[in-house]
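Trainee: Please take me through one part of this model closely. Keep it brisk, and begin with any term you need.

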Amino acid sequence: MKLFDELQARGLVHQFSEGEPSLPEFLETGSRCVYAGFDPTADSLHVGHLIPILGLRRFQRAGHKVLALAGGATGLVGDPSGKSAERNMLTREELAANVAAIKGQLERLLDFDGDAELVDNLDWTAQVSFLDFLRDVGKRFTINTMLRKDSVKNRLEREGAGISFTEFSYMLLQANDFLHLHRTRGCQLQIGGSDQWGNITCGTELIRRSTEGDAQVYGMTCRC
């Protein structure tokens, strides 16, 4: 059974982006690079991370290169997806300890002696100045587009809730991760939980706008 058919048969595919060729065809025409990110908001991965991790494992077993991203940078900001209120901000020391802990867990679940690699987005995000980020990433999006993303829209529609500029900017940081991995490692697919669709499509949009629409990139969410 083909990989995408197997994922669908197991009920794991929730959403996936359109493209030419289609994502199922794209995955069958060569070895691709796939990534999923995991923010270290605690010193352990939790059950919500399991399906994306198993998704990476299935991609790896099917002959694709997989990247597991530990969010040393995005963890400092906090993802608003699926949250009704602002996250508690962690210190850099707490984040560093959490990153070290989840790296150890990922190493037991993925084969890093094979076609898997562990990356930390702090390694490249820390090098980007605020002004460069605004010019190179922020200018690619309108506020209207960002307000339509579920992670923001759901928060604003909740009575008494709001969203800080910090969490509002999270989707741009995640989009920049996809762009960086596309440029440096040829990554063409990001997968994540069903609450990540808005963040993932933000990444595909950024790559296409930064490459004049020539890039073949896709997003897929897992039902969880």
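Mentor: Under 20% relative accessible area a residue counts as buried, over 50% as exposed, and in between as partly exposed. Arg209 has a relative accessible area of 37%, so this residue is partly exposed. Glu205 is partly exposed as well, because its value is 22%. The two side chains form a salt bridge, with the closest N and O atoms 4.0 Å apart. Both residues sit in helix 12, four residues apart, or about one turn of the helix. An α-helix has 3.6 residues a turn, so residues three or four places apart point the same way.

One caution before we move on. This is a predicted model. The mean pLDDT of the chain is 91, and 98% of the residues reach 70 or more. Confidence is lowest in helix 9, at a mean of 86, and highest in helix 11, at 97.

Now helix 9, residues 150-157. Its buried residues include Ser151, Val152 and Arg155. Down the helix axis, the buried residues fall within an arc of 95 degrees, so they line one face of helix 9. They pack against helix 8, helix 10, helix 11 and helix 12.

Arg155 also has a charged partner. Its side chain meets that of Glu167 in a salt bridge, at 2.9 Å from N to O. Glu167 belongs to helix 10 and Arg155 to helix 9, so the pair ties together parts twelve residues apart in sequence. Both Glu167 and Arg155 are buried.

Stay with helix 10, residues 165-168. Phe165 lies there too. Its relative accessible area is 57%, so Phe165 is exposed. Phe165 joins Phe130, Leu131 and Leu134 in a nonpolar surface patch of about 460 Å². Helix 7, residues 130-136, gives the largest share of that patch, with three residues.

Helix 11 is another neighbour of the buried residues of helix 9. Arg185 of helix 11 brings in a link across the chain. Its side chain and that of Glu117 meet in a salt bridge, at 3.0 Å from N to O. Glu117 is in strand 4 and Arg185 in helix 11, so this pair links distant parts of the chain, 68 residues apart. Glu117 is partly exposed at 24% relative accessible area, and Arg185 is partly exposed at 34%.

For the wider view, the count comes to eight salt bridges. Elsewhere, Glu6, Arg10 and Arg58 are linked in a network of salt bridges.

Definitions and conventions:
Residues are numbered from 1 along each chain as its sequence is written. This is a predicted model: local features need pLDDT of at least 70, side-chain atom pairs count only at pLDDT 80 or more; totals for chains, interfaces and linings use all residues. Side-chain values use heavy atoms; hydrogens and water are left out. Patches are made of residues with over 30% relative accessible area and no salt bridge: like charges are joined within 9 Å, nonpolar side chains (Val, Leu, Ile, Met, Phe, Trp, Tyr) within 5 Å. Accessible areas come from the Shrake-Rupley method with a 1.4 Å probe; for residues, only the protein chains shown count as cover. Helices (H or I, at least four residues) and strands (E, at least two) are DSSP runs, numbered from the N terminus. Buried means under 20% relative accessible area, exposed over 50%, partly exposed in between (1.4 Å probe, protein chains only). pLDDT is the predictor's confidence in each residue, from 0 to 100. The arc is that of the directions from the helix axis to the C-beta atoms. Contact means heavy atoms within 4.5 Å.
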